Amino acid sequence: MGGLLGTPGKALALGTAAAVVLLVVALAASGIDRVGLIAVLLRWLHVGAGIVWLGMVWFVNFIQLVAVAEADQPARGAIMKHIVPRVALTFRQASHLTVVTGALLLFTSGYLGGSLVYSSAFFIPTSRNILMWAGVLAAMAMYMFVHMMIWPGLRLVLGIETRTPEQIAAARAKVATYARWNLVLSVPVTLAMVAAAHT
Ligand code: HEM
């Protein structure tokens with residue numbers, strides 16, 4: 001395997017190029033105003049980042065934690081050294097991108113400052129507002145769990161910070177608990193976001 005598929009970065013660039021071609025064709029066919037285009041691009045980034053973040057949440061719960069529990073000591077060491085840090089970096093970065101693009105989308109979709117973005121206030125039915133803000137609240141809880149519970153705990157588990165074995169065992173339990181909470185919340189957050197955008 002080489003050339004355009006040689007690295008994940010190159011494969012991603014290929015996929016992005018295909019998406020840009022699609023977008024240009026769609027724009028040429030139907031046309032779109034500037035705010036609409038920004039909204040499409042933001043939504044694309046937001047959904048992409050959300051997929052990566054939630055993909056990691058599901059991977060951690062259904063694969064990584066199970067593998068760590070079943071592995072013998074050398075295998076566990078290999079998982080901790082080669083997989084967990086990469087997974088943690090990926091979900092932390094994806095969570096930042098999801099929240100930043102989501103916050104910007106609140107404006108381009110008219111949930112905040114509608115009358116500033118559009119010439120007249122953008123009407124959003126109450127039910128959609130409730131769905132969206134419930135989703136945002138739950139997503140922000142997920143974000144706090146990542147950065148205030150899971151990552152600080154993982155720093156102890158991975159040995160980035162040195163602590164006693166008891167503190168490390170407590171950190172491991174905390175990481176697993178909040179990983180589970182994020183799995184729980186991933187389901188209603190996705191429903192709330194999609195329903196707010198499409199009902
Ligand atoms: C786990 C985190 C999140 C996930 C998985 C997620 C996922 C999604 C999905 C799938 C959509 C639907 C896009 C569509 O169908 O058009 C969406 C839309 C949206 N999201 Fe999120 N989101 C998350 C967090 C957030 C946060 C934290 C915010 C705000 C700070 C936010 C704001 C929005 C907005 C404003 C929309 C557009 C809704 C509309 O146009 O009516 N999201 N999100």
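These legends describe close-up views of a predicted protein model with a bound ligand.

**Figure 1. The whole protein is built from helices, with no strands.** The model is predicted. The protein has six helices and zero strands. From the N terminus on, its elements run α-α-α-α-α-α. The C-alpha trace spans about 60 × 45 × 25 Å along its principal axes. The protein has 199 residues, and 31% of them count as buried.

**Figure 2. Two side chains reach the iron atom of the ligand.** Which residues are the protein donors of the iron atom? They are His-46, through its NE2 atom, and Met-193, through its SD atom. These donors lie 2.0 to 2.3 Å from the iron. The pair links distant parts of the chain. His-46 sits in helix α2, which covers residues 34–70. Met-193 sits in helix α6, which covers residues 165–198. The two residues are 147 residues apart.

**Figure 3. The iron site is octahedral.** The iron atom of the ligand has six donor atoms. The angles among them run from 84 to 179 degrees. Is the donor His-46 buried or exposed? His-46 has a relative accessible area of 14%. Buried means under 20%, so His-46 counts as buried.

**Figure 4. A shell of residues surrounds the ligand.** How many residues surround the ligand? There are 24. The closest are Arg-43, His-46, Tyr-111, Met-193 and His-198. Four helices each supply at least two residues of this shell: α2, α3 (73–108), α5 (126–157) and α6. The space taken by the ligand is the largest pocket.

**Figure 5. Polar side-chain atoms meet oxygen atoms of the ligand.** Take Arg-43 to begin with. An N or O atom in its side chain is 2.5 Å from an oxygen atom of the ligand. For His-198, a side-chain N or O atom is also 2.5 Å from a ligand oxygen. Arg-128 takes part too: one of its polar side-chain atoms lies 3.1 Å from an oxygen atom of the ligand.

**Figure 6. Val-25 is an exposed residue of helix α1.** Helix α1 covers residues 8–30, and Val-25 lies within it. The relative accessible area of Val-25 is 52%. Exposed means over 50%, so Val-25 counts as exposed. Now look across to Met-56. Val-25 and Met-56 are 31 residues apart along the chain. Their C-alpha atoms are separated by 32 Å.

**Figure 7. Gly-3 lies in the segment before α1.** Is Gly-3 buried or exposed? Its relative accessibility is 53%, so Gly-3 counts as exposed. The view also takes in Leu-131. Gly-3 and Leu-131 are 128 residues apart in sequence. In space they are 45 Å apart, C-alpha to C-alpha.

**Figure 8. Lys-81 is an exposed residue of helix α3.** Lys-81 is found in helix α3. It has a relative accessible area of 60%, so it counts as exposed. How far apart are Lys-81 and Pro-165 in sequence and in space? They are 84 residues apart in sequence. From C-alpha to C-alpha, Lys-81 and Pro-165 are 18 Å apart in space.

Definitions and conventions:
Residues numbered from 1 in each chain as written. Predicted model: local features only at pLDDT ≥ 70, side-chain atom pairs only at ≥ 80, totals over all residues. Heavy atoms only, no water. Donors = N, O, S within 2.8 Å, 3.2 Å for Na, K, Ca; no water. Tetrahedral: all angles 85-135°; square planar, octahedral: opposite > 155°, others 65-115°. Buried < 20%, exposed > 50% of the residue type's maximum accessible area, 1.4 Å probe, protein only. Near = heavy atom within 4 Å. Polar contact = N/O pair within 3.5 Å; in protein donor to acceptor, adjacent residues only side chain to side chain. 1 Å grid on protein atoms, 1.4 Å probe; cavity = no way out; pocket = protein on both sides within 12 Å on 5 of 7 lines; lining within 4 Å. Sits in = over half its atoms within 2 Å of the grid points.
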